[in-house]
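I have a new model open and a fresh notebook page. Let me write down what I look up as I go.

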Amino acid sequence: MVRSSMSALILSHAVLALVAPGPAQAAKGGTAIAVFPIQNRAGDSAATRVLDRALWLELNQWGRVIEPQTTRDSLRRLRLRNGDRAAPALLRRLGETLGVDWLVSAALHDADRRLVPRLTVSARVYSRTSGELVWAGYKGASGLDRRGLLGRGRITSLEVLVPLVVRELLSSLPAAAHGDTATEATPTTPAGTVAIVPFGGSTSRRATFNAETVTEATRARLFRTGVPTLSPNRAHEILRRFQGGRFGGVTAETRAALHGSGGAATILTGAVEAYEVGGSEFEPEPRVAIAMRLLDGATGRILWTDALEREGWDGEGLFASGRVHSRGALVHRMVKTLTERLDKKGVVPPRRPEKQP
């Protein structure tokens, strides 16, 4: 066991060295970035440390990441634990105190160390100037995703998988990441803004965390396709005030506040009814069930509702192509399908073309 753990650690450092920017690649000066402590929803401290390091190295290609201890000290003084729940004014104050342009929040949702390692990660970037969200990303993966003929390319260590996933996660940062949008304030809420109320969960285990995973996958999907969404920290203020932070449903008072003070034209929420893994140790098969609904912000009328239940092998093709082995990757596919169906209903505003598939 010790030898196995040591081997995984060595491999992890080797992969981090490969994906990390060299002296000529790393940005000098430019955007200053603060990274909040990772939200460890998976309960895996070792994976959290590797994720933190991989995120730090990757973000250094976009700017200059300040020392973690400096960020932690400022968070402690302001009594902040979760950037996604801090009011925009408080994030602006923190950004000014730290002298940074971006405030980055990330979560480790799934970390499975069995024969086939599986990982789900999300991240969000907040602007110092506005204190609101300017980018959201999500990525689920397994050690079999890169497997080729004869099993080549299979990854057997979670520590090796983490930095590869982080690179893919941050690859969708837009051109604005170089500073032409991420540091500009957003003085008004864009027309047609969608408020995402965190999904509810009814799974037998980890219901709240499973629902949070699907919520962040949905947020990242809408952001990528250009749908204007209410910053999660603004939405959280309203949810805390009017319904005690309860998720999955929207009271009349909450809806009115999201529409009035939040400027949300519509409200998207839903529920996670299954978030499981079956199959074998060698070929895990996830199963996920999601329901979504969209409400009119002004009236509360249901504009659209849909649900989807899938297993990882539903889209299997020739030679097992198309199989999905992680719950996080399956969620991504399902959220994409559901939001495409929503788009066809014409109840969300026109937006910029999607930048990446």
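My entries follow, starting with the whole chain and moving on to single residues.

**Whole chain**

I started by noting that this is a predicted model. I looked up the secondary structure, and the chain comes to nine helices and 11 strands. I then checked burial: of the 357 residues, 52% count as buried. For the surface, I have about 16,300 Å² exposed by the chain, with carbon and sulfur atoms supplying 52% of it. I also looked at how far contacts reach along the sequence. Among contacts between residues at least 6 apart, 70% join residues at least 24 apart.

**Cores**

Which residues touch the most other members of the largest nonpolar core? I find Leu59, Leu94, Leu103 and Ile290, out of 77 residues in that core. Helix H5, residues 158-170, gives the most to this core, with eight residues. A second, separate core has 11 residues, and I jotted down Leu230, Ala235, Ile238 and Ala264 as being among them. A reminder to myself: in soluble globular proteins, nonpolar side chains tend to be buried together.

I picked Leu103 for a closer look. Leaving out residues up to four places away in sequence, Leu103 touches Ala34, Phe36, Leu91, Leu94, Gly95, Leu98, Arg124, Val125 and Tyr126.

**Leu158, in H5**

Next I went to Leu158, which is found in helix H5. Is Leu158 buried or exposed? Leu158 counts as buried because its relative accessibility is 3%, and the cut-off for buried is under 20%. Setting aside neighbours within four places in sequence, I list its contacts as Asp44, Ala47, Ala111, Asp112, Arg113, Pro117, Arg118 and Leu119. I also took the C-alpha to C-alpha distance from Leu158 to Arg118: 7.1 Å in space, for two residues 40 apart in sequence.

**Salt bridges**

I count 21 salt bridges in the structure. Glu168 caught my eye, as I found it in two entries.

How does Glu168 pair with Lys139? They form a salt bridge with the closest N and O atoms 3.3 Å apart. Glu168 lies in helix H5 and Lys139 in strand E6, residues 133-142, so this pair ties together parts that are 29 residues apart in sequence. I checked exposure for both: Glu168 is partly exposed with a relative accessible area of 32%, and Lys139 is partly exposed with 25%.

The side chain of Glu168 also meets that of Arg146 in a salt bridge, at 2.5 Å from N to O. Arg146 lies in the loop between E6 and H5, so its pairing with Glu168 in H5 ties together parts 22 residues apart in sequence. Arg146 has 30% relative accessibility and counts as partly exposed.

I moved on to Asp306 and Arg341, whose closest N and O atoms are 3.1 Å apart in another salt bridge. The pair links distant parts of the chain, with Asp306 in strand E11 (residues 302-311), Arg341 in helix H9, and the two positions 35 residues apart. Arg341 counts as partly exposed at 32% relative accessibility.

I also noted a network of salt bridges that links Asp84, Arg124, Glu216 and Arg219. Arg124 was already on my page as a contact of Leu103.

**Helices H7 and H9**

I compared each helix with its expected span. H7 (residues 232-243) has 12 residues and reaches 15 Å from first C-alpha to last, close to the 16 Å expected. H9 (residues 327-344) has 18 residues and reaches 26 Å, close to the 26 Å expected.

Which residues of H7 are buried? I have Pro232, Asn233, Arg234, Ala235, His236, Ile238, Leu239 and Gln243. They pack against helix H4 (88-98), E5, E6, strand E7 (194-196), helix H6 (207-224) and helix H8 (252-260). Ala235 and Ile238 are also in my note on the second core.

For H9, the buried residues are Gly328, Ala329, Leu330, Val331, Met334, Val335, Thr337, Leu338, Thr339 and Leu342.

I looked just past each helix as well. Gly244 follows H7 with a positive phi near 60 degrees, and Gly346 follows H9 with a positive phi near 70 degrees.

**Ser127**

My last stop was Ser127, found in strand E5, residues 118-127. At 0% relative accessibility, Ser127 counts as buried. Its side chain reaches the backbone nitrogen of Ser130 at 3.4 Å.

Notes
Residues numbered from 1 in each chain as written. Predicted model: local features only at pLDDT ≥ 70, side-chain atom pairs only at ≥ 80, totals over all residues. Heavy atoms only, no water. Helix = DSSP H or I, 4+ residues; strand = E, 2+ residues; numbered from the N terminus. Expected span 1.5 Å × (residues − 1). Buried < 20%, exposed > 50% of the residue type's maximum accessible area, 1.4 Å probe, protein only. Core = buried A, V, L, I, M, F, W, Y, C linked by side-chain atoms within 4.5 Å. Contact = heavy atoms within 4.5 Å. Salt bridge = Lys/Arg side-chain N within 4 Å of Asp/Glu carboxyl O. Areas by Shrake-Rupley, 256 points an atom, 1.4 Å probe, with all protein chains shown as cover. Polar contact = N/O pair within 3.5 Å; in protein donor to acceptor, adjacent residues only side chain to side chain.
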